[in-house]
Amino acid sequence: MRDRSSWHRRCSRQLTDVWPDDLGAFRVADLLDVELGLYLLQSVAPTRAALDVWPLLGGYPHSEALGDVRSDEQRLRILRARHHLWVLRRGHAWSEALESYLRVPQQLRGYDLESVDAVPRQRVPARAARRFEVFEGLLTTGPEFATRRVPLAGSGEHTFRAQDRLHSVEITDDLLLGALPRSHALDAAPAGRGEPVDVTWEELESAAAAMDAKEEVIGGSRSGWRGRLSRVRLLVRDEALGRFTRGERLRIDQLLHLVAAWSVRASRPSVTSSPTTWSLGRRAVSPWSSATSPKPWPSWSCSSGSG
C-alpha cells in the first residue's frame, strides 16, 4: 500500500497548538487536505473556482475537455493528488470540506477564499508557512510506500479473527522457517516497465483452455474457463464511428483500473483471470503501469453473449 497521510505531520505541529475547539470534526489534517486540493487547482486550472477541485479528483477528464489540462506533467500532478485526496473525490464530500474550511480563522489558512464559488488566492500564513513546499513535493513525486513490521508467529496455539468468528491454529516446531523470509523489493521497477499488454482473443481462449486442463489434473470442482470466455464479447471503441464495435484484440495501455459492467457472473472472472494467466506465462505485469500518466478510462468493454 502507499502512504496517504503521514505527510500531515510535516505541517500540523504549528497548527495543532492553536486549533479552535469549535470546528467539530474538522481537524488540522482536513485543512491540509483541502489546501492540497486548492494548490492542485492553482497549478492546473488557476482560473477555476474552489468548488471545481473534486472533478479533478474523480478521474474523469472534464478539465481536459475544457482545455485546462494539456500536458503529461499536469496529468501526473492530478494522479498524485488523487491518491492523497481519495476521500474527497465526490462533490458532496469536497463541498462539505470547503464549507468547514471557510470557518477556520484566516490567520491559520493558506488561502483567502470568500466562498466555495470563488477563485482561491494563496496567502503567506504565519504558521506552517512552508506547507506549500510540502504540497509541491507531493505533486511532483510518487507517494511513499506504507510499511510496518509484521510479527511472525512462533510455535504453539494462535487465534485469529475471520469476519465475525474467532478461529485458532496450532503451529508445530517442524513448520517454523529456519530463517526470516526475504522481503519484497518495493522500489524495484515493474518487470513489464509499464509497457502495454496486447493479447488476441485467440490467445485468451488458449489460456482459458490451459486453465481448464490444469484443473482437470488437480481434480475437484471445475470452473469451465473456456466455456465462460466463449459467452463474452469484446467491444472496442471505434473513434471514427463513435461507438463500440466487435474486436479480437485486447489492449491494456496505461490503465490504473479496468472498469466494466457485466450482466452475468461469467464475464467478470473470465476477462480478468484469462489475461492474468496469459501474461504470467509470457511477462510480468504491474497494476501501476505508470511510465506516463494513465488514460482516464478503458477504450474497451465486455458484455455477455448470453444476455
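## A turn to start with

Gln163 sits in the loop between β3 and β4. Its phi is near 55°, which is positive even though the residue is something other than glycine. Is Gln163 buried or exposed? With 80% relative accessibility, Gln163 counts as exposed, the cut-off for that being over 50%. Bear in mind while looking at this turn that the model is predicted.

The strands on either side of Gln163 make a hairpin, with two residues between β3 and β4. Strand β3 covers residues 156-162 and β4 covers residues 165-171; they run antiparallel and are joined by seven bridges. If you want a place to step onto the ladder, try Arg161, which stands opposite Leu166 in β4.

## The other hairpin

Now for β6 and β7. Here four residues lie between the strands, and Gly242 is the one with a positive phi, near 75°. Strand β6 (residues 232-238) and strand β7 (residues 243-246) run antiparallel, with four bridges joining them. Asp238 has Arg243 in β7 as its bridge partner.

There's a charge-on-ring contact to look at in these strands too. The charged end of Arg237 sits over the ring of Phe244, 5.5 Å from the ring centre.

## The whole chain

Stepping back, the chain has 10 helices and nine strands. Of its 307 residues, 35% count as buried. The chain exposes about 19,200 Å², and carbon and sulfur atoms supply 50% of that area.

How much of the contact map comes from residues far apart in sequence? Taking contacts with a separation of 6 or more, residues 24 or more positions apart account for 66% of them.

## Helix α7 and its buried face

Helix α7 spans residues 131-140, and its buried residues are Arg131, Phe132, Val134, Phe135, Leu138 and Leu139. Look down the axis of α7 and these buried residues fall within an arc of 155°, so they line one face of the helix. That spacing goes with a familiar bit of geometry: an α-helix has 3.6 residues a turn, so residues three or four places apart point the same way.

What does that face pack against? The buried residues of α7 meet three helices and two strands: α1 (9-16), α2 (28-44), α5 (72-84), β1 (111-112) and β2 (121-122).

Just ahead of the helix, in the loop between β2 and α7, you'll find Ala128. Ala128 isn't a glycine, but it has a positive phi of about 50°. At 6% relative accessibility, Ala128 counts as buried, since the cut-off is under 20%.

## Rings and charges

Six aromatic pairs turn up in the model. One of them is Tyr111 with Phe132: the ring centres are 5.7 Å apart and the planes are at 85°, so this pair is edge-to-face. It links distant parts of the chain, with Tyr111 in strand β1 and Phe132 in helix α7, 21 residues apart. Both Tyr111 and Phe132 are buried.

Which residues join these two in a cluster? Trp7, Tyr39 and Phe135 belong with Tyr111 and Phe132 in one aromatic cluster. Phe132 and Phe135 are also among the buried residues of α7, so follow that helix if you want to find the rings on screen.

Finally, there's another arginine over a ring. The charged end of Arg2 sits over the ring of Phe145, 4.0 Å from its centre.

Key:
Residues numbered from 1 in each chain as written. Predicted model: local features only at pLDDT ≥ 70, side-chain atom pairs only at ≥ 80, totals over all residues. Heavy atoms only, no water. Buried < 20%, exposed > 50% of the residue type's maximum accessible area, 1.4 Å probe, protein only. Arc of directions from axis to C-beta. Contact = heavy atoms within 4.5 Å. Areas by Shrake-Rupley, 256 points an atom, 1.4 Å probe, with all protein chains shown as cover. Phe/Tyr/Trp six-rings, centres within 6.5 Å; stacked < 30°, edge-to-face > 60°. Lys NZ or Arg CZ within 6 Å of the ring centre and 35° of its normal. Pairing = 2+ DSSP bridges.
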